[in-house]
Amino acid sequence: MDIKETINGLTQEMRRGTIIIGVLSQLSEPQYGYSLVSILEEKGINIDPGTMYPLLRRLEKQELLESKWDTNETRPRKYYLLSPTGKEVYRQLCQEWQMMTVSIESLIRGGTGDGVS
């Protein structure tokens with residue numbers, strides 16, 4: 001395995017853990033799957049629709065999201081919104097995220113400042 005392949009694999013692992021918080025961050029207003037993909041992409045977070053829809057179903061099953069079908073348009077769409085539990089989970093995940101970024105930043109800066117000791 002060459003270094004580029006290794007970096008790509010590790011970057012994907014890192015992104016998997018951050019996609020959930022990215023998705024939850026956009027659901028204080030109702031969104032459907034493809035709109036979420038587009039919004040996140042505009043903000044620099046690329047997520048494949050084939051990943052988004054199973055994630056939304058899983059978050060709904062965990063009762064973090066509520067959903068409602070809109071059948072008024074030609075193409076019915078399922079809109080997702082944070083549930084009260086989802087709002088609390090998102091709030092706590094944000095706190096965890098902030099603590100982790102401070103810790104990791106401290107670790108990175110604790111070396112030579114460039115992440116290489």
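## Thr6 and helix H1

Let's start at Thr6, which has a relative accessible area of 29% and is therefore partly exposed. This comes from a predicted model. Thr6 sits in helix H1, which covers residues 3–25. For a sense of distance, take Gln95: 89 residues separate Thr6 from Gln95 in sequence, and their C-alpha atoms lie 30 Å apart in space.

## The annotated domain

The UniProt record, an unreviewed entry, lists residues 21–91 as "domain: Transcription regulator PadR N-terminal". Across residues 21–91, helix accounts for 51% of the chain and strand for 20%. The C-alpha atoms at the two ends of that stretch are 10 Å apart.

## Gln31 in strand E1

Is Gln31 buried or exposed? Its relative accessibility is 15%, and because the cut-off for buried is under 20%, Gln31 counts as buried. This residue belongs to strand E1, made up of residues 31–32.

Which residues does Gln31 touch, leaving aside those up to four places away in sequence? The partners are Gln26, Leu36, Ile39, Lys78, Tyr79 and Tyr80.

## Helix H2 and its packing

Helix H2 runs over residues 33–42, and its buried residues are Gly33, Ser35, Leu36, Val37, Ile39 and Leu40. Two of these, Leu36 and Ile39, also appear among the contacts of Gln31.

What do the buried residues of H2 pack against? Their neighbours are H1, E1, helix H3 (49–61) and strand E3 (77–82). Just after H2 comes Gly44, whose phi is positive, at about 90°.

Notes. Residues are numbered from 1 along each chain as its sequence is written. This is a predicted model: local features need pLDDT of at least 70, side-chain atom pairs count only at pLDDT 80 or more; totals for chains, interfaces and linings use all residues. Side-chain values use heavy atoms; hydrogens and water are left out. UniProt positions are given in the numbering used here, feature names are shortened, and annotations may be inferred rather than shown by experiment. Helices (H or I, at least four residues) and strands (E, at least two) are DSSP runs, numbered from the N terminus. Buried means under 20% relative accessible area, exposed over 50%, partly exposed in between (1.4 Å probe, protein chains only). Contact means heavy atoms within 4.5 Å.
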